[in-house]
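Thanks for coming, everyone. I'll put the structure up now and walk you through it.

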Amino acid sequence: MQDINSADRAAFSAPDGVDIANHIIAESGVRIGFERRRGRGAGTNPSGRYEPFARSAFDDEWNSLDELPAFKTDVQVEKPKTIITRNNSPDISFDRSVNPYRGCEHGCVYCFARPTHAYMGLSAGLDFESKLFAKPNAAELLERELSKPGYEVRSIAIGTNTDPYQPVEKTWGIMREILEVLEAANHPVGIVTKSALVLRDIDILQRMAAKGLAKVALSVTTLDRTLARAMEPRAATPAKRLETIKALSEAGIPTMAMMAPIIPGLTDSEIERVLESAGTAGAREVGYVLLRLPLEVSPLFKEWLLRHYPNRYRHVLSLLRSMRDGKDYDAEWNKRMRGTGPYAFQIRRRFEMTARRLGLNETRTELRCDRFTPPKGAGVQLALL
């Protein structure tokens, strides 16, 4: 896919009367028709960056594009050998995570996990949200790994890459099996989701929370239902997420609201209202992440922005680049989550001052690690002696 950075120069110098959004999208040459991508976030499906050839659809004037089928969700089974992913990033609060699924049907156009689909020979675009991989043996693998001699207990994060409660979880039920293993082992867990489906497991989470073993964060990026539908097409509505925060909080489960990401020029005007709504719903902690556009996410987000908010295209990117040292993205640790510069400072101060005014973040829930009991159930290797 052509980098829209080069296309926008032509668009902005185009003759009067030429629609900027359509001009740039036409320049990319890979836009998928609305009927084929209905209910999806990305508008394109460029070839993965590791593929030897780049392929894109084009109109041969025989109406052949109209005959192509719509993108339907397809789930394949993945059988990994391990399930706990570890990291040593200094700017995140966990060192291990579990991902029940690869790819995410929610279709959030800004999702920083999209580029990982390239490792499967697939696109970060529509493939990421329609060609999914489920790990049905995740609970069994987790039980084995927790039982290993010398395992050091620290909180496991789930939902930091792709959402564990995306729609296909209703059918597969992998997340509930994982929680059953964690509860039996008294292992701490932190969950991030945009889905009300987390309430299905409120019984397990309530029991774990009573022991100081569980907390849940709901991602609330906007209160604008129209914007949310376009940006996160298959995630729960903003109102439903607030209702979920309320239900979890009333059940005694420590609940956090994450405004992740904040998109400058598009959602940053809602900071105060999002925090007030989350606090009213029962969240006691809040956090945020600035929009991240690594690798293939940048052109995907730009195409989406031009399609839905063409009049804000230059403004949003100008603000974003002012916080990313003039680039679409800066992956440097301790910069990538919050950005730098005056506008990033303003966002941070607004967020902190609003949280302080509302009495949020006064305390942080620290999950307990001293209750852990190594699993001894089925699938766990027995001691030799």
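Let me start with a question: how many of the eight residues of β9 are buried? Eight of the eight. So β9 is largely enclosed by the rest of the structure. Keep that strand in mind; we will come back to it. One caution before going on: this is a predicted model.

Now the overall picture. The protein has 385 residues, and 53% of them are buried. They are organised around 13 helices and 10 strands. Take the contacts between residues at least 6 apart in sequence: 79% of those join residues at least 24 apart.

Next, the sheet. Seven strands make it up, and the sheet is open. Read across, the order is β2-β3-β6-β7-β8-β9-β10, with mixed pairing. The edges are β2, residues 84-86, and β10, residues 285-290. Each of those two pairs on one side only. On average, neighbouring strands here are turned by 25 degrees against each other, ignoring direction.

Back to β9, which covers residues 255-262. Which strands does β9 pair with in the parallel sense? On one hand there is β8, over four bridges. Leu218 stands opposite Ala257 of β9 in that pairing. On the other hand there is β10, over five bridges, again parallel. Two bridge partners to look at there: Met259 goes with Tyr288 of β10, and Ile262 goes with Leu290 of β10.

What lies across β8 and β9? Helix α9, residues 238-250. Its direction is about 165 degrees to that of β8.

Stay on β8 for one residue, Ser219. Is Ser219 buried or exposed? Buried, because its relative accessibility is 4% and the cut-off for buried is under 20%. Setting aside neighbours within four places in sequence, Ser219 contacts Thr193, Lys194, Arg241, Met258 and Ala260. 

Now a serine in another setting. Ser93 sits in the loop between β2 and β3, the latter being residues 96-98. Ser93 has a relative accessible area of 78%, so it counts as exposed, where the cut-off is over 50%. Look also at Ser155, which is 62 residues from Ser93 along the chain. The C-alpha atoms of Ser93 and Ser155 are 9.5 Å apart.

On to the nonpolar cores. The largest has 61 residues. Which of them touch the most other members? Leu142, Leu146, Ile156, Leu179 and Leu182. Helix α6, residues 174-185, contributes the most to this core, with seven residues. Take Leu142 as an example. Leaving out neighbours within four places in sequence, its contacts are Ile83, Ile84, Val98, Ile156, Ile178, Val181 and Leu182. Apart from this core lies another, of 24 residues. Its members include Ile263, Leu293, Val297 and Leu306.

That brings us to helix α11, residues 297-308, since Val297 and Leu306 are among its buried residues. Helix α11 is mostly covered, with 10 of its 12 residues buried. Polar and charged names appear on that buried list too, including Ser298, Lys302, Glu303 and Arg307. From first C-alpha to last, α11 reaches 16 Å, close to the 16 Å expected at 1.5 Å a residue.

Last helix: α13, residues 342-357. Its 16 residues should span 22 Å at 1.5 Å a residue, and the end C-alpha atoms are indeed 22 Å apart. Which residues of α13 are buried? Ala344, Ile347, Arg350, Phe351, Thr354 and Ala355. Why do they lie on the same side of the helix? Because they cover an arc of only 130 degrees around the axis of α13. The face turned away from that buried side carries exposed residues: Pro342, Arg356 and Arg357.

And what covers the buried residues of α13? Among the elements are β9, β10 and helix α10, residues 271-281. So we are back at our opening strand, β9, with eight of its eight residues buried. One detail to finish: just after α13, Gly359 takes a positive phi of about 75 degrees.

That's my tour. Over to you for discussion.

Conventions:
Residues are numbered from 1 along each chain as its sequence is written. This is a predicted model: local features need pLDDT of at least 70, side-chain atom pairs count only at pLDDT 80 or more; totals for chains, interfaces and linings use all residues. Side-chain values use heavy atoms; hydrogens and water are left out. Two strands pair if DSSP finds at least two bridges between them. Axes are lines fitted to C-alpha atoms, for helices over the stretch in contact, and angles run from 0 to 180 degrees between N-to-C directions. Contact means heavy atoms within 4.5 Å. Buried means under 20% relative accessible area, exposed over 50%, partly exposed in between (1.4 Å probe, protein chains only). The expected span of a helix is 1.5 Å times one less than its number of residues. A nonpolar core is a set of buried Ala, Val, Leu, Ile, Met, Phe, Trp, Tyr and Cys residues joined through side-chain atoms within 4.5 Å. The arc is that of the directions from the helix axis to the C-beta atoms.
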